[in-house]
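Please look over how the two domains of this protein are placed against each other, and what their shared interface is made of. The briefing below takes the arrangement, the buried area, the polar character and the contributing elements in turn.

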Amino acid sequence: MATNQDLHTAARDLMPGGVNSPVRAFGSVGGTPVSMVAGEGPYLTDTEGKRYVDLVGSWGPALLGHKHPKVIEAVHAAVDQGLGFGTSHPAEARLAELVRERVRGENLTGAQMIRMVSTGTEATMTAIRLARGVTGKNLVVKFAGCYHGHSDGLLAAAGSGVATLGLPGSAGVTQAQASETIVIEYNDRQALEAVFAEHGDNVAAVITEATPANMGVVPPSEGFNAFIREITQRHGALMIFDEVMTGFRITEAGYWGASGRVEGWEPDIFTFGKVIGGGLPTAALAGRREIMEHLAPTGPVYHAGTLSGNPVAMAAGVATLENATAEVYRHIDEKAQVVADALAAALSDAGVDHTLQKVGSLFSVAFGTSATGVHNYAQAQAQEAFRYGPFFHAMLEQGVYLPPSVFEAWFLSAAHDDEAVGRILQALPAAARAAAG
Ligand code: PLP
């Protein structure tokens, strides 16, 4: 049997860093990346046969847990018909319908039309092009620490893997591309006012994570999203609400996502991903009809994709959303609260200064930050990140697979039952002592 170390050694020879997405390389926590070979419910099994309670959830898609029978059944049925045809397919409209049904609010338009794409990166990249096409303006405003995928213009001061690696952006992004993205601190209204005061005529869009979860979880301050809505509207810019992470996971405003529809406002363009693909490559952008019809073939803004709306991926997404009931969200919220409370208690007992960052069922921990809290990227980066490596490895040792970076959120699923949660709670005290150093 190949060990994790054997596989990683071989992989490093074949693939940069031995991985296909940087955070998987364990760069910020050290040690050997674990090669998983199977997932079931809340558990993953590695190549050596060790079982872990999974708190990564495939980075978000596994809302129902791994290998949910209904999702697997739907995927099998789709596969039996063929893998893809490059044509229209009934399941595309079904998934679009499910998204539209759930993304609405009283007197609000919601997601009238939807375009399926294959990744969250493609969704935000296309949303930006659409915003520029609709407004005829060039500049995009983003917040430091918000991650919107790896398209060139959005890699300035991004969170997620970029935060983990400590890179300011990325080599290979031209000055010209970077110069069309204005980056300001999250939760900073004055900075946003200043940007619009200076560049107001030429801002195509402000893009924001609905609730940032790629610099650790950072809740928007009271009314901050509504303020973005108001100021963009005032200046004729679009608001792009990136719900790739939060969409159909966070229940703050109903069980579709995190936007403020209960407060009576809505963004111009939503982006979704992760959960709506149920574990297969699907993401989407969505919005009002008059905006979305700017996309080809009805409009002049080009977007296309060989695999967009792939029938197998649509089947996984449809089965996931059809089974994502209010009860699923209630369960995940409840279990997330239990784990988050136990995490905070274990760290306090071990004397580790921290803040527990949480919105809905998404949470993360930031070490050494209790004096200021974490409200933006500068504060997230200033934390005692070195404590996370020992913490992570103590959990791994005890059979709990956490995100291998302090800047990532922890994901629970509908499959995290009392037994799985119990194993997490049991592991926390030793990990907290390891974090104390
Ligand atoms: N937007 C947000 C908020 C994300 O969290 C991510 C990925 O984590 C993306 C966009 C990019 O999605 P993908 O990795 O599918 O390209």
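In this predicted model, the centres of domain 1 and domain 2, taken over C-alpha atoms, are separated by 25 Å. The domain assignment gives domain 1 as two stretches, 4–63 and 326–436, while domain 2 covers 70–323. To the contact between them, domain 1 brings 32 residues and domain 2 brings 35 residues.

**Buried area**
- Between them, domain 1 and domain 2 bury about 2,700 Å², and 61% of this area lies on carbon and sulfur atoms.
- Of the area that domain 1 buries against domain 2, 26% comes from Tyr329, Val359 and Tyr377, which is more than any other three residues supply.

**Polar and charged interactions**
- The rule finds zero salt bridges across the interface of domain 1 and domain 2.
- Nine residue pairs, with both residues at pLDDT 80 or more, are nevertheless found in polar contact across the interface of domain 1 and domain 2.

**Elements and residues on the domain 1 side**
- On the side of domain 1 that touches domain 2, at least two residues each are supplied by α11 (326–349), β11 (354–359), β12 (362–367) and α12 (377–381).
- Of the elements on this side of domain 1, α11 gives the most, with four residues.
- By residue class, the side of domain 1 that touches domain 2 divides into 20 nonpolar, nine polar and three charged residues.

Terms used
Residues are numbered from 1 along each chain as its sequence is written. This is a predicted model: local features need pLDDT of at least 70, side-chain atom pairs count only at pLDDT 80 or more; totals for chains, interfaces and linings use all residues. Side-chain values use heavy atoms; hydrogens and water are left out. Domain bounds come from an automatic or database domain assignment. Contact means heavy atoms within 4.5 Å. Buried area is the accessible area (1.4 Å probe) that two parts lose on being put together, summed over both. A salt bridge is a side-chain nitrogen of Lys or Arg within 4 Å of a carboxyl oxygen of Asp or Glu. A polar contact is a pair of N or O atoms within 3.5 Å; within protein, one must be able to donate a hydrogen and the other to accept it, and residues adjacent in sequence count only if both atoms are side-chain atoms. Ala, Val, Leu, Ile, Met, Phe, Trp, Tyr, Cys and Pro count as nonpolar, Asp, Glu, Lys and Arg as charged, and the others, Gly among them, as polar.
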